[in-house]
Structures are given as C-alpha cells and as structure tokens.
Amino acid sequence: MEPAQPLLTDPVNPDDILSALPGDIRLHCARVAAYAEILALRLMEEGGIRSSWFPIFRRAVRYHDLGKMVIPRTILLKPGPLTEGEWDIIRRHPSMGARMLEDCADEDNPKALPAPICRMAVVIAEGHHERWDGGGYPRGWMGEEIPLAARICTVADAYDAMTTERCYSPALSHRGACREIWRESGAQFDPRLAELFRDCETLFQLQSFQRGGDGGWMPNEF
C-alpha cells in the first residue's frame with residue numbers, strides 16, 4: 001500500500017491553520033486548552049505526570065481540532081442537527097488533524113513545531129474522540145490504549161461542548177455537565193480523570209465565567 005499523500009502541499013505552522021478556522025472553533029480550541037490545563041495540573045500535583053511533560057501538553061492540546069479545517073464549512077457551521085452522513089464526515093476530523101500535524105512536522109518544513117510538541121499534538125488530535133470503553137472513533141482504542149494526553153483532552157472537550165449553547169441545543173449548566181462527566185466515568189472517560197475532575201470542577205466553573213456574551217473568550221497567547 002502506498003503511503004497517504006500529504007494534506008498540506010506547502011510548509012505551514014499549525015498556528016496558521018488554527019487562525020484560519022471559523023471563529024467559534026478557534027474559541028472552542030482556546031477554551032478546551034484552558035480546561036485541559038486545569039486537569040493536567042491537578043494530575044501533576046497527584047504525581048501522575050512529570051513537570052517536564054506539562055508545558056509540552058499545554059502547547060500541543062490547542063491543536064486538537066485542527067482537522068476541522070478540511071471539513072466543509074456547510075457542515076461545520078450548519079444551523080441545525082447533522083445527518084448521519086454529515087456525522088460520518090465530521091468523524092474524519094481526528095485522523096485528518098493527525099495527518100496535518102504530521103505534515104507540519106516534516107523536517108524540511110521551516111515552520112515546523114518542536115518535535116516533542118508535534119508528536120503529542122498528533123496523538124491528541126487522533127485520540128480525543130476515543131472512549132475509555134472502546135466505543136469511540138476513529139481507532140476504537142480502549143482504556144490505556146488511548147494516550148493520556150488525549151484522555152485529558154477528551155474530558156475538557158466534552159465539558160466545553162456540553163456547556164456551549166448551539167442554535168439547536170441549549171447549553172447544560174456547569175452542574176449538569178459535571179453530572180454527565182461523572183456518569184460517564186469508566187464509559188466515555190478515564191475513571192481516574194473523572195475523579196480528578198471532581199476535585200477541580202470549581203476551577204472549570206471559574207474558568208467558564210470568563211466567557212463573554214457571545215459565549216467565547218480568547219487567552220492572550222492565542
């Protein structure tokens with residue numbers, strides 16, 4: 001089998017791709033990165049990750065949805081529920097994001113990210129829609145087959161998705177989102193991370209208070 005052709009034909013930095021995404025997706029990426037940072041810091045306090053791991057993760061997690069760049073805008077921005085066929089297309093974005101980040105890591109790319117950040121960004125992009133019980137996509141990974149960085153992102157991504165209002169779906173309250181995360185412990189989410197989320201959920205709530213009237217905010221580094 002021939003290797004897949006690169007998605008990117010010209011050297012590019014992932015930040016250039018991120019800045020070209022629709023505004024609501026850029027804001028989502030920023031919020032998810034902030035929430036994931038809270039959970040990763042709590043895990044570091046528990047001795048679950050090394051301090052040297054954290055700054056790599058903090059930079060890499062912002063690129064988790066980069067693959068949405070190749071999803072048609074008519075689907076990404078559709079003002080209503082998606083059809084099953086449209087969901088099939090949406091479900092391609094983790095694999096597409098991983099491929100784009102691999103292209104960005106090409107040693108001939110003068111705009112490439114540092115290799116440790118790029119490697120972690122690839123596994124986060126590919127793994128953030130996997131489920132602890134093996135029912136996720138695109139790989140169907142289960143439990144600790146899913147890289148830890150992706151498992152952290154999964155919790156942060158789900159919290160932001162649940163607490164963000166859509167034209168066809170009202171946002172859950174903070175408490176409602178917490179209940180869903182705890183209910184899905186051991187199913188969608190790593191049970192250890194769901195328990196750590198219980199310890200720091202008030203920090204998630206405080207972070208969410210920074211959201212403006214349009215439902216979004218953007219940290220300075222974005």
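Helices here are DSSP runs of at least four residues, numbered from the N terminus. Keep that in mind as you move around this predicted model.

**Stop 1: confidence**

Colour the chain by pLDDT. The mean is 88, and 88% of the residues reach 70 or more. Now select residues 1–5, where pLDDT stays under 50 and the model has two contacts beyond four places in sequence. Then select residues 217–222: pLDDT is below 50 there as well, and this stretch has 18 contacts beyond near neighbours in sequence. Where pLDDT is low, the predicted coordinates should not be read in detail.

**Stop 2: helix H9 and a charged pair**

Select helix H9, residues 174–183. Show the side chains of glutamate 180 and arginine 183, which form a salt bridge with their closest N and O atoms 2.7 Å apart. Why are these two about one helical turn from each other? Because they sit three residues apart in helix H9. Glutamate 180 is partly exposed, at 26% relative accessibility, while arginine 183 is exposed, with a relative accessible area of 54%.

Next, add Arg131, Asp133 and Glu184 to your selection: together with Glu180 and Arg183, these residues are linked in a network of salt bridges.

**Stop 3: isoleucine 181 and the core**

Stay in the same part of the chain and select isoleucine 181. Which residues does isoleucine 181 touch, leaving out those up to four places away in sequence? They are Val155, Tyr159, Met162, Phe189, Ala194 and Phe197.

Isoleucine 181 also belongs to the largest nonpolar core, which has 58 residues. Along with Leu39, Phe57, Ile124, Ile152, Phe197 and Phe204, Ile181 touches the most other members of that core. Select helix H2, residues 23–45, to see the element that gives the most to this core, with 10 residues.

**Stop 4: the kinked helix H10**

Move to helix H10, residues 191–208, and look for a kink of about 65 degrees centred on cysteine 200. At the start of H10, find aspartate 190: one of its side-chain oxygens reaches to within 2.9 Å of the backbone nitrogen of arginine 192.

Which residues of H10 are buried? Select Leu193, Ala194, Leu196, Phe197, Cys200, Glu201, Phe204, Gln207 and Ser208 to see them. Their cover includes H2, helix H8 (148–162) and helix H9.

**Stop 5: asparagine 13 and aspartate 15**

Go back towards the beginning of the chain and pick asparagine 13, in the segment before helix H1 (14–20). Is asparagine 13 buried or exposed? At 15% relative accessibility, asparagine 13 counts as buried. A polar atom of its side chain lies 2.7 Å from the backbone nitrogen of aspartate 15. Beyond residues up to four places away in sequence, asparagine 13 touches Cys104, Lys111 and Leu113.

Now show the side chain of aspartate 15, which forms a salt bridge with arginine 62, the closest N and O atoms being 3.8 Å apart. Arginine 62 lies in the loop between helix H3 (53–60) and helix H4 (73–76) and aspartate 15 in helix H1, so the pair ties together parts that are 47 residues apart in sequence. Arginine 62 is buried, at 6% relative accessibility, whereas aspartate 15 is partly exposed, at 25%.

**Last stop: one more pair**

Select arginine 91 and glutamate 84, whose side chains meet in a salt bridge at 3.0 Å, N to O. Arginine 91 counts as partly exposed, at 30% relative accessibility. If you would like to keep hunting, a search of the whole structure finds 19 salt bridges.

How values were computed: Residues numbered from 1 in each chain as written. Predicted model: local features only at pLDDT ≥ 70, side-chain atom pairs only at ≥ 80, totals over all residues. Heavy atoms only, no water. Core = buried A, V, L, I, M, F, W, Y, C linked by side-chain atoms within 4.5 Å. Buried < 20%, exposed > 50% of the residue type's maximum accessible area, 1.4 Å probe, protein only. Contact = heavy atoms within 4.5 Å. Bend = angle between axes of the 7 residues up to and from the residue. Polar contact = N/O pair within 3.5 Å; in protein donor to acceptor, adjacent residues only side chain to side chain. pLDDT = per-residue confidence, 0-100. Salt bridge = Lys/Arg side-chain N within 4 Å of Asp/Glu carboxyl O.
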